[in-house]
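Thanks for asking me to look through this one with you. Below are my notes on its pockets, its cavities and the way some of its helices pack.

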Amino acid sequence: MSKLRKLRIEGFRSIKATTLEMRNLNVLIGANGAGKSNLISFFKLMNELMAGRLQQHIGETGRATANLHFGPKVTPQMEAELEFEVERGTDTYQMRLFHATGDSLVFAEENLRFHQHSYQSPLVVPLGAGHQESKIGDKAAEGEPTAKALRHLLSHCRVYHFHDTSPTARVRNYCYVGDNRWLMPDAANLAAILCKLKSQKETVYRRIVTTIRQVAPYFDDFDLEPTGPNGRDIILNWRHRKSDLVFGPHQLSDGTLRAICLISLLLQPDDDLPCLIVVDEPELGLHPFALNVVASLFQAVSHHTQVLVSTQSSTFLDSFDADDIVVVERDGEASRFERPNAEKLNDWLEDYSLGEVWEKNIVGGGPH
């Protein structure tokens, strides 16, 4: 499978400069304010960049001043490079954003690169400078192979955030039944996704329902019937094991709803999985048993796609290996991302779990 092999970021929020070798499973741990969420936010920025909404995203997140490391007077530009391992070599996306009038960011440069294994010199596709939105989509539309490949890879590095389970959260309300190709970042179209799976891939659907029952024993099944004009609308209705009534999504607890979102995301058919699944603190509101179930699903899905997840939970961390973790520390006023020496932890792990080793601040990532 194609995967993100290396990530380099400079000048983004608390990330002054870092290069991170990516693996199939990457679990970020660190103290509050260390910078875990800023790495997640970088991928959110990339999602918006690929959707042609970079300027809107910058405006919504405090403009350039809030996105550049200590503001434009200290850091006038940010730079990033994402290197993907593909079948015949490596595809690399490189961009540099410069502070501009109106406290915005514009492209100082944007380049694509394909390096085939059998060739010494890479093919470089420059996309120019001075533009406000990425030009990768335009180049891909022209049929340029490297642009088409990187557009696909970058568009499939997706950030999911299921923290909003308020009464007005979109996952608790109606969605369009035909909006069922990809799960939205906030699971707003979860009912439509599950309805499609039930009709087209029932084995996958049943696996999702069975897993939900492990964390919510009272849950029987979803009741996914399109409604409204021409049957266009659908909502996440469900049934209780001991009742004939149909319950609505507003009758699910916050923790149960988040667990349902995570389980549905991680048990999707392999063909529907993103290239990279990015999730910030999946433990929020989950019972320890539910958290263990979700952690095992993260492990399982990492055999089919890449995972980047951040956590503050030692219980969640217990489900992973030392090789999976990335320790995030504050080095002065900048975030540092390092993988611990797993061999040096072996003696500790004979007597303690990985979560306990972290709590003892042996692995790092604790408050200072």
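1. A word on terms before the counting: a cavity here is a set of grid points where a 1.4 Å probe fits but cannot get out, whereas a pocket is an open set. The model is a predicted one. How many cavities of 30 Å³ or more does that rule give? The count comes to two.

2. Let me take the largest cavity, which holds about 60 Å³ of space. Its lining is made of Y160, H161, F162, H163, R258, L262, V279, D280, E281, P282 and L284. Helix α8 and strand β14 (276-280) each supply at least two of the lining residues. By class, the lining has six nonpolar, two polar and three charged residues, so you may like to look at R258, D280 and E281, which count as charged.

3. The second largest cavity has a volume of about 40 Å³. Around it you will find N180, R181, W182, I193, K196, L197, Q268, P269 and D272. Four of these lining residues are nonpolar, two are polar and three are charged. L197 is worth keeping in mind, as this residue of the cavity lining returns below in a helix contact of α6.

4. Now to the open sites. The largest pocket contains about 470 Å³ of space and is lined by 17 residues. Which of them lie nearest its centre? They are N47, A51, R53, R158 and P185. The elements giving two or more residues to this lining are α1 (36-50), α5 (145-155) and β8 (157-160). Of the elements, α1 gives the most, with four residues. The lining divides into nine nonpolar, two polar and six charged residues.

5. In the second largest pocket there is about 180 Å³ of space. The residues lining this pocket are S2, V86, E87, R88, D91, F114, P145, T146, A149, H152 and L153. Here α5 gives the most, with five residues; this helix is also one of the elements that give two or more residues to the largest pocket. By class, the second largest pocket has five nonpolar, three polar and three charged residues in its lining.

6. Next, the helix packing. Two packed helices are described by the angle between their axes and the distance between the axes. Helix α6 (residues 190-200) and helix α7 (residues 202-215) pack at an angle of about 125°, with their axes 6 Å apart. That makes α6 oblique to α7. On the α6 side the contact is made by L194, L197, K198 and Q200, and on the α7 side by E202, V204, Y205, R206 and I208. These residues divide into five nonpolar, one polar and three charged.

7. Helix α7 also packs against α9: their axes come within 8 Å and cross at roughly 150°. Are the two roughly parallel or roughly antiparallel? That angle makes α7 roughly antiparallel to α9, because angles over 145 degrees count as such. T211, Q214 and V215 of α7 touch F289, A290, V293 and L297 of α9. The contact has five nonpolar, two polar and no charged residues.

8. The last pair is helix α8 (residues 254-266) with helix α9 (residues 288-301), whose axes come within 10 Å and cross at roughly 20°. α8 and α9 are therefore roughly parallel to each other, as the cut-off for that class is under 35 degrees. The crossing of α8 past α9 is left-handed. L262, I263 and L266 in α8 meet V294, L297, F298 and V301 in α9. This contact divides into seven nonpolar, no polar and no charged residues.

9. Two residues tie these points together. L262 is in the lining of the largest cavity and also takes part in the contact of α8 with α9. L297 of α9 meets α8, and L297 is in the contact with α7 as well. If you open the model, those would be pleasant places to begin.

Notes: Residues numbered from 1 in each chain as written. Predicted model: local features only at pLDDT ≥ 70, side-chain atom pairs only at ≥ 80, totals over all residues. Heavy atoms only, no water. 1 Å grid on protein atoms, 1.4 Å probe; cavity = no way out; pocket = protein on both sides within 12 Å on 5 of 7 lines; lining within 4 Å. Points joined across faces, edges and corners; volume = space filled by probe spheres on them. Axes fitted to C-alpha atoms, helices over the stretch in contact; angles between N-to-C directions. Parallel < 35°, antiparallel > 145°, perpendicular 65-115°, else oblique. Contact = heavy atoms within 4.5 Å. Left-handed = near helix turned anticlockwise from the far one by under 90°.
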